[in-house]
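Colleague: I should like a close look at one part of this model, the enclosed space inside the protein. Please set it in the context of the fold and the aromatic residues, and add a note on any unusual backbone geometry.

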Amino acid sequence: MSGKEASGGGGREAFLKELKFTVKRIRESPLSILGLAIITFFVLIAVLAPVIAPPKKADPYMIPRYGYTQEPKPPSPEHIFGTAQGQYDVFYGVIWGTRSAFRVGVIVIGITILIGVAIGSVSGYYGGIVDEAMMRITDIILAFPALILAMALVVAFGPGLNSVMQAFILIWWASYARVTRGEVLKIKQEDFVEAAKAIGCSDFRVITRHILPNIIFPVLIMGSLDIGSVVLVAAALSFLGLGAPLGYADWGQMISISRNWILGKAGNPFAYWHTFIIPGLFIFFFVMGWNLLGDAFRDILDPMMRRR
């Protein structure tokens, strides 16, 4: 057998061994399976949204309305989740709101991880004045409560979901930069890093090929947990009128237009439960699913917990 074939066989064996280990860890944690099932359910809803709730307007994210009366209507065969104030279809709103949630959560966290990892890696690797300058900027951002700073930035940018995403990106990267810097400081003195420098590897190669692969797991775990947090804060801003515009398929916006009906009506306090309970449940399960999935990633990816 040639060296190439032996190396290929060894690579396949290592891959299969790692795959078996991953499946074993998932099976040992029922909550991980539950989290994976919940997120898979939401992914299917987002992908199949045009089939489940066919668009009625040029912009598919604008919820169709069936009249202009203020009082919501209960679930019926025509509107299985009922209608909200202004006769917005609740079913259509929560289905397309799933796409809005993924758009906000995945894009924001994806970009903030890239920014935070880049800044944290450079800061931790080079140290000195570079580290001081970058970390002081990071400290300034972390000194403000995230929600308050996000609200201030959204007001400055103007209300809207895009403004919310921009505000989150500008403030959320700081925590990833801090975590990445700490991990880089721990690992940059390891022998394999020093060996890479000794054979003439560039700083870029040392960081990207030797340091990042060994520190990225805590960042990915943190990111999976933060997707739910970002969606929750975005829903809060929409509820306050700073997020998605009226009639946009967004869970926070749907609860916002239902706030006047939470107490029901005389003699029937649960008359309009569908207007806020249904989008509230979508938010709850979406956030819970990402939290459980984050715990699963920690069990699978965290080197400190592997093969004990």
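Modeller: The account below moves from the fold to the cavity, then to the aromatic rings and one loop residue.

The model is predicted, so local features need pLDDT of at least 70 and side-chain atom pairs count only at pLDDT 80 or more, whereas totals for chains, interfaces and linings use all residues. Residues are numbered from 1 along each chain as its sequence is written, and side-chain values use heavy atoms, with hydrogens and water left out.

The chain has eleven helices and zero strands (DSSP runs numbered from the N terminus, with H or I of at least four residues for a helix and E of at least two for a strand). Of its 308 residues, 46% are buried (under 20% relative accessible area, with exposed over 50% and partly exposed in between, for a 1.4 Å probe and protein chains only). Among contacts with a separation of 6 or more, 72% join residues 24 or more positions apart; a contact means heavy atoms within 4.5 Å.

Rolling a probe the size of a water molecule over the atoms shows where empty space is left. A cavity is a set of points, on a 1 Å grid over the protein atoms alone, where a 1.4 Å probe fits but cannot get out, and lining residues have an atom within 4 Å of a point. Grid points are joined across faces, edges and corners, and the volume is the space filled by probe spheres set on the points. One cavity of 30 Å³ or more is found, and the largest cavity holds about 60 Å³. Its lining consists of Gly97, Ser100, Ala101, Val104, Val231, Ala234, Ala235, Asp250, Trp251 and Gly252. Helices α4, α9 (203–239) and α10 (251–256) each contribute at least two of these residues, and α4 gives the largest share, with four. By class, the lining has six nonpolar residues, three polar and one charged (nonpolar being Ala, Val, Leu, Ile, Met, Phe, Trp, Tyr, Cys and Pro, charged being Asp, Glu, Lys and Arg, and polar the others, Gly among them).

Trp251, one of the lining residues, also belongs to an aromatic cluster with Phe41, Phe42, Phe102, Phe282, Phe286 and Trp290. The whole structure contains 16 aromatic pairs (rings of Phe, Tyr and Trp, the last by its six-membered ring, with centres within 6.5 Å; planes under 30 degrees apart are stacked, over 60 edge-to-face and the rest tilted). Phe81 and Phe91 make an edge-to-face pair, 5.3 Å centre to centre with 70 degrees between the planes. This pair links distant parts of the chain, with Phe81 in the loop between α3 and α4 and Phe91 in helix α4, ten residues apart. Phe81 is partly exposed at 23% relative accessible area, while Phe91 is buried at 17%.

Gln87 likewise lies in the loop between α3 (49–52) and α4 (90–126). Most residues other than glycine have a negative phi. The phi of Gln87, however, is positive, near 60 degrees. Gln87 counts as buried because its relative accessibility is 1%. Its side chain makes a polar contact of 2.9 Å with the side chain of Thr69 (a pair of N or O atoms within 3.5 Å; within protein, one must be able to donate a hydrogen and the other to accept it, and residues adjacent in sequence count only if both atoms are side-chain atoms). Leaving aside residues up to four places away in sequence, Gln87 touches Pro64, Arg65, Tyr66, Gly67, Tyr68, Thr69, Glu71, Pro72 and Lys73.

Notes:
1 Å grid on protein atoms, 1.4 Å probe; cavity = no way out; pocket = protein on both sides within 12 Å on 5 of 7 lines; lining within 4 Å.
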